[in-house]
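Open the model in your viewer and keep the selection tool at hand. The stops below go from the whole chain to single residues.

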Amino acid sequence: MFEIHVGTTPCQLGAKDYRVLADRTEGFSGSDISIIVRDALMQPIRKVISATHFKKVADPESDTQALTKWTPCSPGDPDAVEKSWSDIGSDELLEPPLKLADFLKSLDSTRPTVTEADIKRHDDWTRESGTFQTLVVHFFLCSYLVLQEMMVHKNLPLES
């Protein structure tokens, strides 16, 4: 479900990370997971906006190793330069990659909209409906067989 919602957005999540997310979202609806993904997709942008320091890095889409992009970093980073995101051109900015930590942070602030009681109520309804439907089918099948038997005993044609 997470992988579907992430789509083609570049991220550093592997199969193991998606398994961690699946395990941590037991009982979450598809809509709940969609909300978590949307929030997680915003985490790198929040990092850029709140950053006070950036450093030059190589563009991963370039063939050269020239340091042409700015990405947020810790003020303690030896290559850190104090600047704001508004001082950097959009073509010069390298947004931080989407990581498992972004999803976990979003997950910390999201609760499932479906409760255990909702799931139990749904399961009970399904069980009751299934039983009811089985009884209805059984009733009609028995009625058909009884009618067929009556018709045979009275020498009536079975087909109409």
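Start with the whole chain in cartoon view. From the N terminus on, its elements run α-α-α-β-β-β-α-α, which gives five helices and three strands. The model is a predicted one.

Now switch to a surface view. The chain has 160 residues, and 24% of them are buried. Its accessible surface comes to about 11600 Å², and carbon and sulfur atoms account for 59% of that area. For contacts between residues at least 6 apart in sequence, 63% join residues at least 24 apart.

**Stop 1: the sheet**

Select residues 53–58, which form strand 1, then add strand 2 (67–72) and strand 3 (81–82). In what order do the three strands lie in the sheet? The order is 2-1-3, in an open sheet with antiparallel pairing. Strand 2 and strand 3 are the edge strands, each pairing on one side only.

Strands of a sheet pair through backbone hydrogen bonds, so show the backbone atoms here. Strand 1 and strand 2 are antiparallel and pair over five bridges. Select V57 and look across to strand 2, where K69 stands opposite. On the other pairing, two bridges join strand 1 to strand 3, again in the antiparallel sense. Pick H53 for this one: its bridge partner in strand 3 is E82.

**Stop 2: two helices side by side**

Hide the sheet and select residues 15–24 (helix 2) together with residues 100–108 (helix 4). How do the two helices run relative to each other, parallel or antiparallel? Their axes come within 10 Å and cross at roughly 10°. Angles under 35 degrees count as roughly parallel, and helix 2 and helix 4 are therefore roughly parallel to each other.

Show side chains for D17, V20, L21 and R24 on helix 2, and for L100, F103, L104 and L107 on helix 4; these residues make the contact. By class, six of the contact residues are nonpolar, two are charged and none is polar.

**Stop 3: Y18**

Stay on helix 2 and select Y18. The cut-off for buried is under 20% relative accessible area, so Y18, at 14%, counts as buried. Leaving out residues up to four places away in sequence, Y18 touches F2, E3, V6, C11 and L13. To check one of these in the viewer, draw a distance between the C-alpha atoms of Y18 and E3: they are 7.3 Å apart in space, with the two positions 15 residues apart in sequence numbering.

**Stop 4: T25**

Move along to T25, in the loop between helix 2 and helix 3 (30–50). Is T25 buried or exposed? T25 counts as buried, because its relative accessibility is 5%. Beyond residues up to four places away in sequence, T25 touches F2, I33, I36 and L107. F2 also appears among the contacts of Y18, and L107 is one of the helix 4 residues from Stop 2.

**Stop 5: D102**

Finish on helix 4 by selecting D102. D102 has a relative accessible area of 3% and is therefore buried. Which residues does D102 touch, not counting those up to four places away in sequence? They are A40, Q43, P44, K47 and P97. Show these side chains along with D102 to see what surrounds the last stop.

Conventions
Residues are numbered from 1 along each chain as its sequence is written. This is a predicted model: local features need pLDDT of at least 70, side-chain atom pairs count only at pLDDT 80 or more; totals for chains, interfaces and linings use all residues. Side-chain values use heavy atoms; hydrogens and water are left out. Axes are lines fitted to C-alpha atoms, for helices over the stretch in contact, and angles run from 0 to 180 degrees between N-to-C directions. Angles under 35 degrees count as roughly parallel, over 145 as roughly antiparallel, 65 to 115 as roughly perpendicular and the rest as oblique. Contact means heavy atoms within 4.5 Å. Ala, Val, Leu, Ile, Met, Phe, Trp, Tyr, Cys and Pro count as nonpolar, Asp, Glu, Lys and Arg as charged, and the others, Gly among them, as polar. Buried means under 20% relative accessible area, exposed over 50%, partly exposed in between (1.4 Å probe, protein chains only). Accessible areas come from the Shrake-Rupley method with a 1.4 Å probe; for residues, only the protein chains shown count as cover. Two strands pair if DSSP finds at least two bridges between them.
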